[in-house]
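Me: I'd like a close look at one part of this model, with a proper walk-through rather than a list. Please spell out any cut-offs along the way.

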Amino acid sequence: MPRPSTLAFVLAACACAGRPAAPDRMVAVATISPLADVVAHVAGPGWGVRSLIPPGMSPHVFEPTPKEVRLVAPARLVVTVGAGYDVWAAKLAAACASEARIFDAGAAAGITADSGEEEGHVHGDLGHDPHWWLSPPLVAKTLPALARELAALDPAGAAGYRDRAVAFAGELSRLDEEIALTLRPVAGSSIVTAHNAWGYFAERYGLKPVGSIEPVPGREPSPREIRELVVAARREHLRTLFTEPQFPPEAARVVASEAGLRVETVDPIGGVKGRIGYEELLRYDARAFRGGLETR
Ligand SMILES: [Zn+2]
């Protein structure tokens, strides 16, 4: 699909959308569902918070459509993962919500794109991994800056944003302890996942990523890459392959059957029933990794 025509289409949709009707609540959008839930925790009842990427879609190959234009147009705050992950969102906001503030949450977490790499998003064993939100302590790190950002847009609400940020940081700290406890019995285990998304999660909870099915998201693995993965899975005595709902299942099926692995689903993005909220999503993933790695 040629990118320029899509972009032109979206920009035309911006022009057609016109000025959005004034919403009864202030509007914030975040690119992915777990981040929208984080924003909602700090923003509180005065804001309507939506996520941009529809469930099941991979942000790596995502292109905005008129639906995202409609979502972004009334936004006063656009929150991005940053680190080169969702560069399109800032462009979309600049075109369709030019007065919105853009908050790069990754930068607030201390995670930035690798300079020199294309969009800073390299998915290799030692490459740059932008999925920092899968580590609750990194999310907690963004909260004070997020509260300040909301206060800049709504000074009267500043104390509320600050208080809710502190309260949510407490929740995240309890979540962190709970996940560590869930994964303690399988700590040290090697994992193979759909793509290189679990570096921060693995580092926090003692797992060891040893490979991924799509080293470059959006590009099907070559037969040689599949063979190498099968060899790695046997060498590491893996029993489970962790797939993700945003990735096509075909290559995973081949690897699983060649290497004799069972398949378990983990989900970096959620946005579907049972995985809507940030904490819900992280608990789901902790249980899925534990279930897939436990000796039965
Ligand atoms: Zn990813």
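Reply: What follows takes one helix pair, H7 and H11, then turns to a few single residues.

Some housekeeping: residues are numbered from 1 along each chain, as its sequence is written. This is a predicted model, so local features need pLDDT of at least 70, side-chain atom pairs count only at pLDDT 80 or more, and totals for chains, interfaces and linings use all residues.

Overall, you're looking at eleven helices and eight strands; both are DSSP runs numbered from the N terminus, helices being H or I with at least four residues and strands E with at least two. Of the 296 residues in the chain, 45% are buried. Buried means 20 or more other C-beta atoms within 10 Å of a residue's own, exposed means 12 or fewer, and partly exposed is in between, with C-beta atoms placed from the backbone.

Now the pair. H7 covers residues 158–183 and H11 covers residues 278–293; their axes sit 9 Å apart at an angle of about 10°. The axes are lines fitted to C-alpha atoms over the stretch in contact, and angles run from 0 to 180 degrees between N-to-C directions. That makes H7 and H11 roughly parallel to each other, the label for angles under 35 degrees (over 145 is roughly antiparallel, 65 to 115 roughly perpendicular, the rest oblique). H7 brings Glu171, Leu175, Ile179, Thr182 and Leu183 to the contact, and H11 brings Glu279, Leu282, Ala286, Arg287, Phe289 and Arg290. Here, contact means C-beta atoms, placed from the backbone, within 7 Å of each other. By class, that's six nonpolar, one polar and four charged residues. Nonpolar is Ala, Val, Leu, Ile, Met, Phe, Trp, Tyr, Cys and Pro; charged is Asp, Glu, Lys and Arg; the others, Gly among them, are polar.

Take H7 by itself. With 26 residues, H7 runs 37 Å from first C-alpha to last, close to the 38 Å expected at 1.5 Å a residue; the expected span is 1.5 Å times one less than the number of residues. Its buried residues are Tyr161, Arg164, Ala165, Phe168, Leu172, Ile179 and Leu183. Their cover includes H2, H6, helix H8 (199–205) and H11.

H11 has 16 residues, which should span 22 Å, and its end C-alpha atoms are 23 Å apart, in agreement. Buried here are Tyr278, Leu281, Leu282, Asp285, Ala286, Phe289, Gly292 and Leu293. Down the axis of H11, those residues fall within an arc of 140°, so they line one face of the helix; the arc is that of the directions from the axis to the C-beta atoms. The cover includes helix H2 (33–43), H6, H7, and strands S7 (240–243) and S8 (262–265).

Two of those neighbours lead to residues you might click on. In H6 (residues 136–153) you'll find alanine 152, which is partly exposed with 13 other C-beta atoms within 10 Å. Leading into S7 is the loop from helix H9 (223–235), and histidine 237 lies there. Histidine 237 has a phi near 55°, a positive value in a residue other than glycine, and counts as exposed, with 7 C-beta neighbours inside 10 Å. Most residues other than glycine have a negative phi. Alanine 83 likewise has a phi near 55°, but alanine 83 is buried, with 24 other C-beta atoms within 10 Å.

Notes: Contact = placed C-beta atoms within 7 Å.
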